[in-house]
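Colleague: I have a structure to go through with you. Shall we take it piece by piece?

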Amino acid sequence: MSAERVAQLAYSEFQAAMLDEEKRRRKAAKIVAVLGHFLGRDRDVLDGLTVADIGCSAGFIADELAAAGARRTFGVDIDVPGLRKAAERFGERVEFVCADGTALPFPDGSIDVLVFNHIYEHVVDPDAIMAEMRRVLADDGVLYLGLGNRLGVMEPHYKLPFLSYLPPRLADRYVRLSGRADSYYERYRTRRGLRKMVRGLRVWDYTFPVLATPAAFAGSELFPGVVGRVAGGVLARLPRPVLRGLLPVVPTYLWVATKGTRRPAGAALPQPPDPVLPR
């Protein structure tokens, strides 16, 4: 039987990936590159902006956001051990705050850039967190979203195929039988469910721009080696209708959202960002 879902208060204590500095910094480089393209900035991407990483854990991504020129950088989480590690290393240029995402300690419209990267599946109420992020986001602000897809074949945390497809009780049995966990905590949504989650925002999809031109987005690890270069080249040339047909089963979506009518301001790409939802 599935236990009642409660907040993960010390996620970095049992998920070693949160402490993998090299991998986290590579993710941060991709995030900064996507934001840079959307904002039309090649250097000092976050210069003069107030930035918050929601679900920062040990702080590696928040540190990279600060290094990208942010005027003020916040890292927010309920992962106390992770926050402690983060403050010890990066506290001089990042302000780390222990706070629940459903009650962010910021005034309305006070944050220029929010990052919410692969967090929604780990929280009890992602819709409430989205509402809070909309509240604190500036009118011309930008929200970066890294979102796992329930219909991605390989579940990324436990590396078990089709795990996220299953209802909770069956998923619990599956991870127990695999010997990898006692239960399956994460709750993913399909693309349709994610579109509902971001309703009220204008959203641009950077998934295929990053996959088709990984070098432009510090995403070379997505397609390593010769096979990777071939795959990226194929994606860069595929007709848009074919790519759109693949969207329901893409494992991860990379979206940039705004409150207003702001559009991507970066250079032309072989596969440009597509609008996901009008505001």
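Colleague: Is Val-249 buried, partly exposed or exposed?

Modeller: Keep in mind that this model is predicted. Val-249 has 45% relative accessibility. Buried means under 20% and exposed means over 50%. The value lies in between, so Val-249 counts as partly exposed.

Colleague: Where along the chain is Val-249 placed?

Modeller: Look at two elements, helix H10 (240-246) and strand S7 (252-258). Val-249 sits in the loop between helix H10 and strand S7.

Colleague: Which residues make the nonpolar surface patch of about 330 Å²?

Modeller: Val-249 is one of the residues in this patch. Its partners there are Val-153, Phe-162 and Tyr-165. The full set is Val-153, Phe-162, Tyr-165 and Val-249.

Colleague: Now Val-51. Is Val-51 buried or exposed?

Modeller: Val-51 is found in strand S1 (residues 50-54). Its relative accessibility is 0%. The cut-off for buried is under 20%, so Val-51 counts as buried.

Colleague: What separates the C-alpha atoms of Val-51 and Ala-62?

Modeller: Along the chain, Val-51 and Ala-62 are eleven residues apart. In space, their C-alpha atoms are separated by 8.6 Å.

Colleague: What is the volume of the largest cavity?

Modeller: A search of the whole structure finds one cavity of 30 Å³ or more. The volume of the largest cavity is about 40 Å³.

Colleague: Which helix gives the largest share of the lining of the largest cavity?

Modeller: The lining is made by Lys-27, Lys-30, Ile-31, Asn-117, His-118, Tyr-144 and Leu-254. By class, three are nonpolar, two polar and two charged. The largest share, three residues, comes from helix H2 (residues 21-39).

Notes
Residues numbered from 1 in each chain as written. Predicted model: local features only at pLDDT ≥ 70, side-chain atom pairs only at ≥ 80, totals over all residues. Heavy atoms only, no water. 1 Å grid on protein atoms, 1.4 Å probe; cavity = no way out; pocket = protein on both sides within 12 Å on 5 of 7 lines; lining within 4 Å. Points joined across faces, edges and corners; volume = space filled by probe spheres on them. Helix = DSSP H or I, 4+ residues; strand = E, 2+ residues; numbered from the N terminus. Nonpolar A, V, L, I, M, F, W, Y, C, P; charged D, E, K, R; others polar. Patch = residues over 30% accessible without salt bridge, like charges linked within 9 Å, V, L, I, M, F, W, Y side chains within 5 Å. Areas by Shrake-Rupley, 256 points an atom, 1.4 Å probe, with all protein chains shown as cover. Salt bridge = Lys/Arg side-chain N within 4 Å of Asp/Glu carboxyl O. Buried < 20%, exposed > 50% of the residue type's maximum accessible area, 1.4 Å probe, protein only.
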